[in-house]
Amino acid sequence: MLDHMEIREATLEDIPEITALFRDTIRTVNRQHYSEKQVEIWSSGADDIDKWKDRISNLYFIVAEVHQQIVGFAYLKNGNYLDGLFVHKDFQRQTIASKLLRIMESRVSINGFDMIKSDVSITALDFFDSHFYEVEKKQKKSFKGMVFENYIVYKEL
Ligand SMILES: CC(C)(COP(=O)(O)OP(=O)(O)OC[C@H]1O[C@@H](n2cnc3c(N)ncnc32)[C@H](O)[C@@H]1OP(=O)(O)O)[C@@H](O)C(=O)NCCC(=O)NCCS
């Protein structure tokens, strides 16, 4: 099925699918590592449509598509900061994130940086470890009054 996967830049028309994917993945996949309340607050970020418009318009934002369904997305901020990487809950462990990450790493190199950085969820830590990212530190990040534990990671390219 993934033979037909295409990766392209996101457009504003993709917002409903991107935000649904974001919400569903947090509620199912990230739910394993975060409380119900944390998941509720984090996934409510899907409703901030202006923020998604801004990300798509101003950042390097790519989507992976299979048979015209968006199955993953990623976006890059400030040239070398991976700010988001999400895969559809029904398409986990099919190498979609690995493919998106490879493109992001190439983009970072094209942008003239020799290091990519991100801060990643507990859920994603094993994925980044398997791609040879180092943990700089564990941190607590505040979002809408709720504290989330995550990790700052980096990789030299
Ligand atoms: C983390 C995430 C992006 C990985 O996406 P994915 O498409 O399933 O990842 P891949 O299939 O490319 O994984 C490649 C390798 O990474 C490792 N890996 C990925 N997910 C893993 C997990 N949950 N546990 C352990 N290893 C994992 C494995 O080595 C895997 O290879 P394998 O399947 O042959 O064992 C996905 O699980 C996700 O959307 N998580 C929720 C959102 C999130 O937390 N995003 C992080 C930014 S905040």
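1. In this predicted model, an oxygen atom of the ligand lies 2.5 Å from an N or O atom in the side chain of Gln-92, a polar contact being a pair of N or O atoms within 3.5 Å. Another such pair joins a ligand oxygen atom to a backbone N or O atom of Arg-93 at 2.7 Å, and a polar backbone atom of Gln-94 is 3.3 Å from an oxygen atom of the ligand.

2. The protein covers 77% of the 910 Å² of accessible area that the ligand has on its own (Shrake-Rupley method, 1.4 Å probe).

3. Around the ligand are 18 residues, of which Leu-85, Gln-92, Arg-93, Ser-98 and Ser-121 come nearest, where near requires a heavy atom within 4 Å. Strand E4 (81–87), helix H4 (96–110) and helix H5 (125–130) each give two or more residues to this shell (DSSP runs, at least four residues for a helix and at least two for a strand).

4. The ligand sits in the largest pocket, meaning that more than half of its atoms lie within 2 Å of the grid points. A pocket is an open set of points on a 1 Å grid where a 1.4 Å probe fits, with protein on both sides within 12 Å along at least five of seven lines, and lining residues have an atom within 4 Å of a point.

5. Lining the largest pocket are 48 residues, with Trp-42, Leu-85, Phe-86, Ser-121 and Ala-124 nearest its centre; E4 gives the most, seven residues.

6. Residues are numbered from 1 along each chain as its sequence is written. Local features need pLDDT of at least 70 and side-chain atom pairs 80 or more, whereas totals for chains, interfaces and linings use all residues, and side-chain values use heavy atoms, without hydrogens or water.

Terms used:
A polar contact is a pair of N or O atoms within 3.5 Å; within protein, one must be able to donate a hydrogen and the other to accept it, and residues adjacent in sequence count only if both atoms are side-chain atoms.
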